[in-house]
Amino acid sequence: PCLKVEARKPGLRFWDLCDQYLRLPLDTPKSQRCSAWWVPKLYHAVGKDASPPPAVVGNAARNPDFQLRYLGDEAAAKYVKARCGEAAHAAYQCFVAPAYRADLF
């Protein structure tokens, strides 16, 4: 089962907005045919720095069939804002730990 992680980011001025996102219902795909789904061989990774850390580089090297798509924190935030809008960007900023932000990708 999924567990809710309750952790407030220190100094977060829009926590109420973050709390609203936590209460949204989950969305499901409209297609009922699972056989129609296709998962591309992409390795998405997000990290603090603009260049990938050795662990990410190593994982990519060990999985040559996958294309690495790495974004640093700043680039990832810009990506979310440009492709998903201001509301999604605000929600993205609500994630307390960097690992939570990486889960979005």
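This passage describes the fold, the helix packing and several individual residues of one protein chain.

The structure is a predicted model, and the mean pLDDT of the protein chain is 79, with 73% of its residues reaching 70 or more. Confidence varies between the elements of the chain, since helix H1, spanning residues 15-22, has the lowest mean pLDDT, at 71, whereas helix H2 has the highest, at 95. The secondary structure comes to 5 helices and 2 strands, and these elements follow the pattern α-β-α-β-α-α-α when the chain is read along its sequence. Of the 105 residues in the protein chain, 21% are buried. Among the contacts that link residues at least 6 apart in sequence, 54% join residues at least 24 apart.

Helix H2, the element with the highest mean pLDDT, covers residues 54-62, and within this helix Val 56, Gly 58 and Ala 60 are buried. The cover over these buried residues includes both strand S1, residues 42-47, and strand S2, residues 67-72. The loops on either side of H2 each hold a residue that can be described in more detail. In the loop between S1 and H2 lies Pro 53, which counts as partly exposed because its relative accessibility is 36%. Pro 53 and Tyr 70 are separated by 17 residues in sequence, and their C-alpha atoms are 9.9 Å apart in space.

In the loop between H2 and S2 lies Phe 66, which is likewise partly exposed, with a relative accessible area of 35%. When residues up to four places away in sequence are not counted, Phe 66 touches Lys 41, Leu 42 and Tyr 43. For one of these contacts, that with Tyr 43, the C-alpha to C-alpha distance is 5.9 Å, although the two residues are 23 residues apart in sequence.

Helix H3, residues 73-84, packs with helix H4, residues 86-94, at an angle of about 150°, and the axes of the two helices are 7 Å apart. Angles over 145 degrees count as roughly antiparallel, and H3 and H4 are therefore roughly antiparallel to each other. On the side of H3 the contact is made by Ala 76, Ala 77, Val 80, Lys 81 and Cys 84, which meet Glu 86, Ala 88, His 89, Tyr 92 and Gln 93 of H4. By class, this contact of H3 with H4 has 6 nonpolar, 2 polar and 2 charged residues. The spacing of such residues along a helix can be read against a general property: an α-helix has 3.6 residues a turn, so residues three or four places apart point the same way.

Among the residues that H4 brings to this contact is His 89, whose place is in helix H4 and which counts as buried because its relative accessibility is 16%, where buried means under 20%. With residues up to four places away in sequence left out, His 89 touches Ala 77, Val 80 and Lys 81, and these three residues are listed among those of H3 that meet H4. A residue of H3 that contrasts in exposure is Glu 74, which lies in that helix and counts as exposed, because its relative accessibility is 59%. The C-alpha atom of Glu 74 is separated by 8.0 Å from that of Lys 48, and the two residues are 26 residues apart along the chain.

Tyr 92, another residue that takes part in the contact between H3 and H4, also belongs to an aromatic pair. A pair of aromatic rings is described by the distance of the centres and the angle of the planes. The count for this structure comes to 1 aromatic pair, which is formed by Tyr 92 and Phe 95 and is edge-to-face, with 6.2 Å from centre to centre and 85° between the planes. The two partners fall in separate exposure classes, as Tyr 92 counts as buried because its relative accessibility is 2%, whereas Phe 95, at 28%, counts as partly exposed.

Methods. Residues numbered from 1 in each chain as written. Predicted model: local features only at pLDDT ≥ 70, side-chain atom pairs only at ≥ 80, totals over all residues. Heavy atoms only, no water. Buried < 20%, exposed > 50% of the residue type's maximum accessible area, 1.4 Å probe, protein only. Helix = DSSP H or I, 4+ residues; strand = E, 2+ residues; numbered from the N terminus. Contact = heavy atoms within 4.5 Å. Axes fitted to C-alpha atoms, helices over the stretch in contact; angles between N-to-C directions. Parallel < 35°, antiparallel > 145°, perpendicular 65-115°, else oblique. Nonpolar A, V, L, I, M, F, W, Y, C, P; charged D, E, K, R; others polar. Phe/Tyr/Trp six-rings, centres within 6.5 Å; stacked < 30°, edge-to-face > 60°. pLDDT = per-residue confidence, 0-100.
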